[in-house]
Protein chains: 2
Amino acid sequence: MTVLFRRVALIGVGLIGGSLARGLKKQGLCASITGYGRSENELKKAVELGVIDQFASSVRDAVKNADLVVVAVPMSAFESVFSDMQGVVADDTIITDVGSAKESVIAAAKSVFGELPTGLVPGHPIAGTEKSGVEASFDSLFENRRVILTPTQVSSKNAVDLVGDMWRAVGAEVVLMAPDHHDHVLAATSHLPHVLAFSLVETLGEMHESSEIFRYAAGGFRDFTRIASSDPTMWRDICVSNKDAILTVLKKYERHLKALELAIEAQDSEAINQIFVRAKKARDENIVD
Amino acid sequence: MTVLFRRVALIGVGLIGGSLARGLKKQGLCASITGYGRSENELKKAVELGVIDQFASSVRDAVKNADLVVVAVPMSAFESVFSDMQGVVADDTIITDVGSAKESVIAAAKSVFGELPTGLVPGHPIAGTEKSGVEASFDSLFENRRVILTPTQVSSKNAVDLVGDMWRAVGAEVVLMAPDHHDHVLAATSHLPHVLAFSLVETLGEMHESSEIFRYAAGGFRDFTRIASSDPTMWRDICVSNKDAILTVLKKYERHLKALELAIEAQDSEAINQIFVRAKKARDENIVD
């Protein structure tokens, strides 16, 4: 494998950032990785685990002389991270990220940099677990997973190619998509399910006999609510960052749920059946377990 | 293991009924199992697979001389199954079932038998997969799973003990519960999640770019929607049979979801965060993955 980057700056060394760093190292894709994060303890742990080579005490120091900057922080931190980078990174320094909402990343970059850097290629690996933190990271997280890149109107071809090569090298399939389309698709398949799962567990948790209720939960419930164990901060930020797309699909969902509720209320077996048959068919045809 | 029953009649030879039959046979708990179901092909398959010893061509024939009758059919079929049994089973014949809604089973028995038989002990194993049919059955399905028995006011102690012994013998933990309490608890942990999952997949399936949307679904979505692959008929029947308890918890859920929606609309990070933190805490404390 060719060395793609001399000096990588990783801003945010959690599950995703850490897993990418491990993958880059395993594949020999970079000479050195400098991490930055808010918790020095986590950064020390990352060095001990061999995920990064060293850490810096500021974003500025981390990105200095880097030829690749990967931003892997919660959505609410992007604007401040971009601000800290300003003036230190060149226009053509390759900058990518792993944020779950792309229009919001681009808006943050615009508001900080004024003009979007030609080296900026926003990205989103469709991978993760309900765990978080560098200790949960592993080098094969992206194998056979899709990574969506949402180049801006000014992203250079070179930057798009390099970021794509990096993801392919750690095993991912790279797809290009318009940022707003990405946000719409992810709102449906990822953000909405998280909202529903958090909301269900919260509802049950607030019922006064909740601990008894949870005792009778079976495997289906365990699977259904696993994503409600995800990091609240990360998901709070996604909800704020991708608000419009999430609300659009959430309202659509609420209409369908209301129709089902009315069918149950009316004990309309045929209507309920049609909904369930359509759903089962859609899942069986589209999702492989 | 002692033989608990000479002649078992199994009405409905699907995933649950078939798995119980396999468990009974494996543990040597009964001398012979006669199955009945609507599809002769499925019954033949069940005999070939060794799940049942023979099958009957009517409920009447199946239950004749049985000392245990297990009803494992969709909820909507209970009344007709009970009708077919009437006059053939004695008052103290042990009758149990695996239906997901207990008040409705008891109501069906009352309406058919007039007075509830002393041998009737309604039950519900909290076990299953999203698959259905006898071919999906396996003898260890109930190991370390809970089975809730909801004896009626007239169930004899002998009947409750025997049905409990049977479930314990195939590895389950037996819990007694009032029928309405069972229905309330299960509405929360099982029926509501199924309603939500079916509704989500239906919503996405109806979006015009649905096949593209499903393509970007990750592991979280797969887990979250697995239960939407469940048998539509069975779940349609559960929704009708446990209507009141489901609607109560569904409305509670809709209120929580609406509150979350408003928080997202207002980009109220703190409110969203509180909901997600509460949910994650409730899940992490109560559910073991």
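In which sense, and over how many bridges, do β5(A) and β6(A) pair? The pairing is parallel and runs over two bridges. The legends below describe close-up views of a predicted model.

**Figure 1. Strand β5 (residues 94-97) of chain A and its two pairings.** On one flank, β5(A) pairs with strand β4 (residues 68-71) of chain A in the parallel sense, over four bridges. Within this pairing, A:T96 is the bridge partner of A:V70. On β6(A), the residue opposite A:T96 is A:V121. The side chains of the strand alternate: A:I94 and A:T96 point one way, while A:I95 and A:D97 point the other way. Each of these four residues is buried.

**Figure 2. The open sheet of chain A.** Six strands make up this sheet, in the order β3-β2-β1-β4-β5-β6, and their pairing is parallel. The edge positions are held by β3 (54-55) and β6 (120-121) of chain A. Each edge strand has a single partner strand, so one of its sides is left without a neighbour in the sheet.

**Figure 3. Chain A as a whole, for orientation of the close-ups.** Chain A has 12 helices and nine strands. Its radius of gyration is 21 Å, close to the 19 Å that the globule rule gives for 289 residues, so chain A is as compact as a globular protein of that length. The C-alpha trace spans about 65 × 40 × 35 Å along its principal axes. Of the 289 residues in chain A, 55% are buried. Among contacts in chain A with a separation of 6 or more, 77% join residues 24 or more positions apart. The mean pLDDT of chain A is 96, and 100% of its residues reach 70 or more.

**Figure 4. The two-fold axis between chain A and chain B.** Chain A is superposed on chain B by a rotation of 180 degrees with 0.0 Å of shift along the axis, at an RMSD of 0.0 Å. This is the relation of a two-fold axis. The C-alpha of A:F224 is the nearest to the axis in chain A, at 2.0 Å from it. For the complex, the predictor gives an ipTM of 0.92 and a pTM of 0.92.

**Figure 5. The contact between chain A and chain B.** Chain A contributes 73 residues to the contact, and chain B contributes 73 residues. On the side of chain A that touches chain B, two or more residues come from each of α7 (179-206), α8 (210-215), α9 (219-225), α10 (232-241), α11 (243-265) and α12 (269-286) of chain A. The most residues on this side come from α7(A), which gives 17. By residue class, this side of chain A divides into 41 nonpolar, 16 polar and 16 charged residues. Because 100% of the interface residues of chain A are also interface residues in chain B, the copies meet through the same surface.

**Figure 6. Helix α10 (residues 232-241) of chain B in its surroundings.** Nine of the 10 residues of α10(B) are buried, and the helix is mostly covered. The buried residues are B:P232, B:M234, B:W235, B:R236, B:D237, B:I238, B:C239, B:V240 and B:S241. Their packing partners come from both chains: α11 and α12 of chain A, and α5 (102-113), α7 (179-206) and α11 (243-265) of chain B.

**Figure 7. The surroundings of A:I246 in helix α11 of chain A.** A:I246 has 27 C-beta neighbours inside 10 Å and therefore counts as buried, the cut-off being 20 or more. Beyond its neighbours within four places in sequence, A:I246 is in contact with A:A187, A:H191, A:L192, A:V195 and A:C239, and with B:I264 of chain B. The C-alpha atoms of A:I246 and A:A188 are 7.3 Å apart in space, and these residues are 58 apart in sequence.

**Figure 8. B:D161 in helix α6 (residues 157-169) of chain B.** B:D161 has 12 C-beta neighbours inside 10 Å and so counts as exposed, for which the cut-off is 12 or fewer. B:D161 and B:V121 are 40 residues apart along the chain, and their C-alpha atoms are separated by 9.6 Å.

Definitions and conventions:
Residues numbered from 1 in each chain as written. Chains lettered and ligands numbered in written order. Predicted model: local features only at pLDDT ≥ 70, side-chain atom pairs only at ≥ 80, totals over all residues. Contact = placed C-beta atoms within 7 Å. Nonpolar A, V, L, I, M, F, W, Y, C, P; charged D, E, K, R; others polar. Least-squares fit on C-alpha atoms with pLDDT ≥ 70 in both. Rg over C-alpha atoms; globule rule 2.2 N^0.38 Å. pLDDT = per-residue confidence, 0-100. Pairing = 2+ DSSP bridges.
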